[in-house]
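Q: Please take a close look at one part of this model: the protein surface that faces the DNA. Walk me through the contacts, then set them in the wider picture.

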There are 2 protein chains.
Amino acid sequence: MNEKEFLAAYNKGNFEAPLLTVDAVLFTYQDGQLKVLLVERSNHPEQGKWALPGGFISESEDKTLEDTVTRKLKEKTGVVPPYVEQLATFGGASRDQRGWSVTICYTALIAHQACESELETISDVAWLPIEKVKKMNLAFDHLKIINRAHERLIQKALYSIIPAYALPKKFTLPELQQVHEVIIGKPLQKKSFRRRIEQADLLINTGKKRTERGRPAALYSLRPGSGKHTFVRNLEQ
Amino acid sequence: MNEKEFLAAYNKGNFEAPLLTVDAVLFTYQDGQLKVLLVERSNHPEQGKWALPGGFISESEDKTLEDTVTRKLKEKTGVVPPYVEQLATFGGASRDQRGWSVTICYTALIAHQACESELETISDVAWLPIEKVKKMNLAFDHLKIINRAHERLIQKALYSIIPAYALPKKFTLPELQQVHEVIIGKPLQKKSFRRRIEQADLLINTGKKRTERGRPAALYSLRPGSGKHTFVRNLEQ
DNA sequence: AAAATAGTGTCTCTCAGACACTATTTA
DNA sequence: TAAATAGTGTCTGAGAGACACTATTTT
């Protein structure tokens, strides 16, 4: 049999295969808290429990795995998050009652303002503070996945400005420091924080300022395109 | 319909699903080179091309994804590598001619001595130097996967002693430094290398020495169980 | 003694931590 | 002017880079 004949005779459906889904841990920063987007399951199994947004790959709509995540997140938030990165894949015989299952998980960040209007119209979707989520009884192994995503986000907050994607396009350095502090769970030295950002040249000073109370703060944005988000050295853990 | 009825009626096979495999990039250090284990494909598609070791999840034999990787690697090398870590999952509509496909990839390290006898008896398996592999025409997107694994291994060599798993249980510091240098692709300062290992307290001096030429070198082993493999600061890139 | 290899002493430099200080706004 | 917040100056200490030095083995 040559390759052409082989492919003509091949049928994927002939083989048993684990249940395969794609899920996302979408973070944002709101009201001084790190929040996660959760969806209340409307179907069996685990009906009524809160779960990560996600679903099945659509062989017709999706060309890549990223297409699946962004399609699913757009369904729930109305927009595609500016930062999406693969976290890990979780699989096993017992994580879903339907049998052997695998979920390819992504971490994503977005400014809550970017999807506020959409969220208000969907009743089974909510931003929940991560501290509260950690005490909840979520569907499947989704709490474990969220914990892994949080651990990795903490690491990123220690060596990169990736957390800036949880804020609107323009933000102040004190705001960004707050996001880092909330993610890491402890205060940071203002001077160290600003020094590394200045030296790494990762942000653009837009020249504008924002005044709320006290001295106005300069508004910055991420340097576009460069793809560089990391500092040469970690902050202490 | 309640959950019990739902599960009784549920049949995974009713849904289209991408082809799902698990593959591994298994590295070792041999003859001053970083090498990768490759397998010559005996079946369509991509028959005759070299590919990563891997295969399908067995719902009966495997309880976890790690079970699948280690089972597949044991088939090829006769042993289970001491270091196995998930790398990333690659998927898409066009990476396999059979249709939408997904592969969950792992990085693993092993001492070549640990699997030497087995390898000689299997003709379609070989350790190939990574520099040579990077110029080969491998099956599917396996070259891209190997490149990603190598990039990540370089990072690990800069901030951890994970590369020690590519050596036998006991090794000398000059040997370990050579492995790091080969992975990173540039020489390291002997003093810096030794100082960080001493300060991080990641190795145990076995008290034994190995003499080949010149002054005998102390033999070290990885501190067992601790799970800690990282330094507080990166080496320069 | 010479060659070969293992291992150390020590100076410099960069960058994070700490914390007091100055600057600019509103009330 | 006081309160509030933004932003800076500067000292200390940890640890990497560089490189010359010493130590221990075989031939």
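A: Start with one contact in this predicted model. The side chain of A:Q189 has an N or O atom 3.3 Å from a phosphate oxygen of DNA strand C. A second contact from chain A involves A:R233. An N or O atom in the A:R233 side chain is 2.8 Å from a sugar or linking oxygen of DNA strand C. Chain B takes part too. Here a polar backbone atom of B:P216 is 3.3 Å from a sugar or linking oxygen of DNA strand C.

Now look at the elements behind this surface. Those that give two or more residues near DNA strand C are α7 of chain A, together with α7 and β10 (217–222) of chain B. The largest share comes from α7(A), with five residues.

Next, the residues themselves. There are 25 residues around DNA strand C. The ones that come nearest are A:R195, A:R233, B:K190, B:R213 and B:A218. So A:R233 appears both here and in the polar contact described above. By class, this surface has 12 charged, seven nonpolar and six polar residues. On the DNA side, sugar and phosphate make up 62% of the atoms of DNA strand C that come within 4 Å of the protein.

Turn to DNA strand D. It has 25 residues around it. A:K190, A:R213, A:R215, A:A218 and B:R195 come nearest. Three polar contacts show what the side chains reach. A:R194 has a polar side-chain atom 3.0 Å from a sugar or linking oxygen of DNA strand D. For A:R213, a polar side-chain atom lies 2.9 Å from a phosphate oxygen of DNA strand D. With B:R195, the partner is a base nitrogen of DNA strand D, 2.9 Å from a polar side-chain atom.

The elements that give two or more residues to the surface near DNA strand D are α7 (190–200) and β10 (217–222) of chain A, together with α7 (190–200) of chain B. The most comes from α7(B), with five residues. This surface holds seven nonpolar, six polar and 12 charged residues. Of the atoms of DNA strand D within 4 Å of the protein, 61% belong to sugar or phosphate, and the rest belong to bases.

How are the two chains related? A rotation of 180°, with 0.0 Å of shift along its axis, superposes chain A on chain B, and the RMSD is 0.0 Å. The two copies are therefore related as by a two-fold rotation axis. Both copies use the same surface, and 100% of the contact residues of chain A recur in chain B.

Step back to chain A as a whole. It has seven helices and 10 strands. Its C-alpha atoms fill a box of roughly 70 × 45 × 35 Å along the principal axes. Of its 237 residues, 51% count as buried. Among contacts in chain A with a separation of 6 or more, 65% are between residues 24 or more positions apart.

Some backbone details come next. In chain A, the peptide bond from A:H44 to A:P45 is cis, with omega near -10°. A:P45 sits in the loop between β2 (33–40) and β3 (50–51) of chain A. In chain B, the bond from B:H44 to B:P45 is also cis, and its omega is near -5°. B:P45 lies in the loop between β2 (33–40) and β3 (50–51) of chain B. That loop also holds B:E46. B:E46 is not a glycine, yet it has a positive phi of about 65°. B:E46 is buried, with a relative accessible area of 13%.

A:F140 is another residue with a positive phi, about 50°, although it is not a glycine. Its place is the loop between α4 (130–133) and α5 (142–159) of chain A. A:F140 counts as buried, at 18% relative accessibility. For contrast, B:S94 is exposed, with a relative accessible area of 71%. B:S94 belongs to the loop between β5 (83–92) and β6 (101–109) of chain B.

Finally, the cysteines. The whole structure has zero disulfides over all chains. Why is A:C115 unbonded? The closest cysteine sulfur, in A:C105, is 20 Å from the A:C115 sulfur, too far for a bond. B:C115 is in no disulfide either, and the nearest cysteine sulfur, that of B:C105, is 20 Å away. A:C115 counts as buried at 1% relative accessibility, and B:C115 counts as buried at 1% too.

How values were computed:
Residues are numbered from 1 along each chain as its sequence is written. Chains are lettered from A and ligands numbered from 1 in the order in which they are written. This is a predicted model: local features need pLDDT of at least 70, side-chain atom pairs count only at pLDDT 80 or more; totals for chains, interfaces and linings use all residues. Side-chain values use heavy atoms; hydrogens and water are left out. A disulfide is a pair of cysteine sulfur atoms within 2.5 Å. Buried means under 20% relative accessible area, exposed over 50%, partly exposed in between (1.4 Å probe, protein chains only). Copies are superposed by least squares on the C-alpha atoms of residues with pLDDT of at least 70 in both. Contact means heavy atoms within 4.5 Å. A residue is near a molecule or strand if one of its heavy atoms lies within 4 Å of it. A polar contact is a pair of N or O atoms within 3.5 Å; within protein, one must be able to donate a hydrogen and the other to accept it, and residues adjacent in sequence count only if both atoms are side-chain atoms. Helices (H or I, at least four residues) and strands (E, at least two) are DSSP runs, numbered from the N terminus. Ala, Val, Leu, Ile, Met, Phe, Trp, Tyr, Cys and Pro count as nonpolar, Asp, Glu, Lys and Arg as charged, and the others, Gly among them, as polar.
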